Structure formats: structure tokens, C-alpha cells
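Welcome! Below are some short exercises, each with a worked solution. Keep the sequence and the 3D view open as you go.

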Amino acid sequence: MYSISQKIKWATIRIFYYINVAMMTLTGGLFIYVVAPYTSYMFFNDLAFWKYLKYYPGLIRQLYRIIAFWLFDPKYRGMYAQPLTSPPSSGPDRNKIKLSAEWQKEENDCGNCINCCIKIKCPLIDHDRNLCLSYNTVYWRYFSCGCYPVSQQQIDYYDCPKWEIEEKRLDINRVFLKLG
Ligand code: SF4
Ligand code: SF4
């Protein structure tokens, strides 16, 4: 079980992030430059923001793209409901999600696949190396990337060849549905 102080810390980090997102949305993205070191730390784990200013226009575009997904894509909207007090994560919940039988690489290796990242046109993809520029940062661990995938819906949406839902869990859910 997690302590109250841990939950307060996780919720505070998320709420502060959402406040910043709201300010960015309301200022047409300009607020990202007001809080440039914060943004740099969140997305690149580095307070030296001047090294990452070239990514800021892409992050602003991505903000409005994600808002559009939320507004106009019910499939996308239905996939994300992250509790404020949930712990940050660096991988899916292995009680619920397992590697696909066809997956030949290691658990922490996506090979050359970047399906989930290109589906949302993420500006944090390093296209030369097919890597995530934000890997394991605060943003990555506290929001959707670190805990991906959380459901079959997400796996299908991103056409992910690596993960699948643990069958045992599906069977239990079916039993509950039958009982319900
Ligand atoms: S894993 Fe990295 S590149 Fe992919 S969507 Fe998340 S932040 Fe973007
Ligand atoms: S879609 Fe799956 S295999 Fe491809 S990059 Fe995303 S998590 Fe990795």
C-alpha cells in the first residue's frame, strides 16, 4: 500500500502539471517560455532549458493536437483516466499485461517499432534512432507513456505488437460479467 504522503506528492505533481497545461492553452502556448526550466525538467530531466528550446514549438502543437484528440476522438478520450494519486510507473502493470507470444525482443526493447508514438505524432521522437527523447522523465513516468498499455483498447488503438492483456485477468473479468 502507498502512504498518504506519497499520494499527496504524486497528486501535487500532476495538478501542478495540469495548471501549467491550462496556462499554456490559455496563452496560445507562450506560457511554456515563462516556465522554460520547469518544462525542460519535466520533459528532458534537465533544467538547462536553452538546450531544448527547439522542441518547444512542437510541444505547443502537441498540446493542441491532444486537446483535439480529446474533443473529437471518442476512442482516444475513452482510453485515459489516470487517477491523480496513482504511482508513477516505468512500465505496464505485469499483473494485467504480458508480452505477446510473437514478441521476439526483450521487455524493455521496442525494436524499430514506434507505432504508439507516431500515432499521436509525438514531437519527442528521435527519428534517427527511433527512441524517445523523454524516456523515464517526470512527464514520461507520471502520465500515459510510463504505464502504457493499461488496456486492450490502448493496445488495439496503437496497433502494438508487443503487449497483450493477461488471459487469466480476462477470464476473471468474464466470470464477474457472468455473475453480474
Ligand atoms: S514514449 Fe516518448 S516519443 Fe513516445 S509518445 Fe511517449 S513521450 Fe512521445
Ligand atoms: S506500439 Fe508497442 S511495440 Fe511499438 S513502440 Fe509502442 S509499446 Fe513499443
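Two residues are in contact if their C-beta atoms, placed from the backbone, lie within 7 Å. This is a predicted model, in which local features need pLDDT of at least 70 and side-chain atom pairs count only at pLDDT 80 or more, while totals for chains, interfaces and linings use all residues. Residues are numbered from 1 along each chain as its sequence is written, with chains lettered from A and ligands numbered from 1 in the order in which they are written.

**Exercise 1. Find the contacts of Phe 43, then say whether Phe 43 is buried or exposed.**

Step 1: Locate Phe 43 in helix H3. Helices (H or I, at least four residues) and strands (E, at least two) are DSSP runs, numbered from the N terminus.

Step 2: Set aside the neighbours within four places in sequence; Phe 43 is then in contact with Leu 59, Leu 124, Ser 134, Thr 137 and Tyr 139.

Step 3: Apply the burial rule: a residue is buried if 20 or more other C-beta atoms lie within 10 Å of its own, exposed if 12 or fewer, and partly exposed in between, with C-beta atoms placed from the backbone. Phe 43 has 21 C-beta neighbours inside 10 Å, so Phe 43 counts as buried.

**Exercise 2. Describe the largest nonpolar core.**

Step 1: Recall the rule, by which a nonpolar core is a set of buried Ala, Val, Leu, Ile, Met, Phe, Trp, Tyr and Cys residues joined through C-beta atoms within 7 Å.

Step 2: The largest such core has 19 residues, and those with the most contacts inside it include Ile 32, Phe 43, Leu 59 and Cys 116.

Step 3: Two or more residues each come from helices H3 (36-44), H4 (56-72), H6 (115-119), H7 (138-142) and H8 (144-147). H7 gives the largest share, 3 residues.

Step 4: Look at Ile 32, which touches Met 24, Thr 39, Tyr 56, Leu 59 and Ile 60 when residues up to four places away in sequence are not counted.

As background, nonpolar side chains in soluble globular proteins tend to be buried together.

**Exercise 3. Work out whether the length of helix H1 agrees or disagrees with the expected span.**

Step 1: Find H1, residues 4-26, where Gln 6 has its place.

Step 2: The expected span of a helix is 1.5 Å times one less than its number of residues. For the 23 residues of H1 this gives 33 Å, and the end C-alpha atoms are 32 Å apart, which agrees.

Step 3: Now look just after H1, where Gly 28 takes a positive phi of about 65°.

Step 4: Check Gln 6 itself: it has 12 other C-beta atoms within 10 Å and is therefore exposed.

**Exercise 4. Pick out the backbone features in three loops.**

Step 1: In the loop between H3 and H4, find Asn 45. Asn 45 is not a glycine, yet has a positive phi of about 60°. Its 14 C-beta neighbours inside 10 Å make Asn 45 partly exposed.

Step 2: Move to Lys 121, in the loop between H6 and strand S2 (125-126). Lys 121, also not a glycine, has a positive phi of about 50°. Lys 121 is exposed, with 12 other C-beta atoms within 10 Å.

Step 3: Finish at Pro 149, in the loop between H8 and helix H9 (152-157). The peptide bond leading to Pro 149 from Tyr 148 is cis, and its omega is near -5°.

**Exercise 5. Which residues surround ligand 1, and which lie around ligand 2?**

Step 1: Use the rule that a residue is near a molecule or strand if its C-beta atom, placed from the backbone, lies within 6 Å of it.

Step 2: Ligand 1 is surrounded by Cys 117, Cys 122, Leu 124, Ile 125, Cys 132, Ser 134, Trp 140 and Cys 145.

Step 3: Around ligand 2 are Cys 110, Cys 113, Ile 114, Asn 115, Cys 116, Tyr 158, Cys 160, Pro 161 and Lys 162.

Step 4: Sort by class: Ala, Val, Leu, Ile, Met, Phe, Trp, Tyr, Cys and Pro count as nonpolar, Asp, Glu, Lys and Arg as charged, and the others, Gly among them, as polar. The shell of ligand 1 has 7 nonpolar, 1 polar and no charged residues; that of ligand 2 has 7 nonpolar, 1 polar and 1 charged.

**Exercise 6. How many helices and strands does the protein have?**

Step 1: Count 10 helices and 4 strands.

Step 2: Read their order from the N terminus: α-α-α-α-α-β-α-β-β-α-α-α-β-α.
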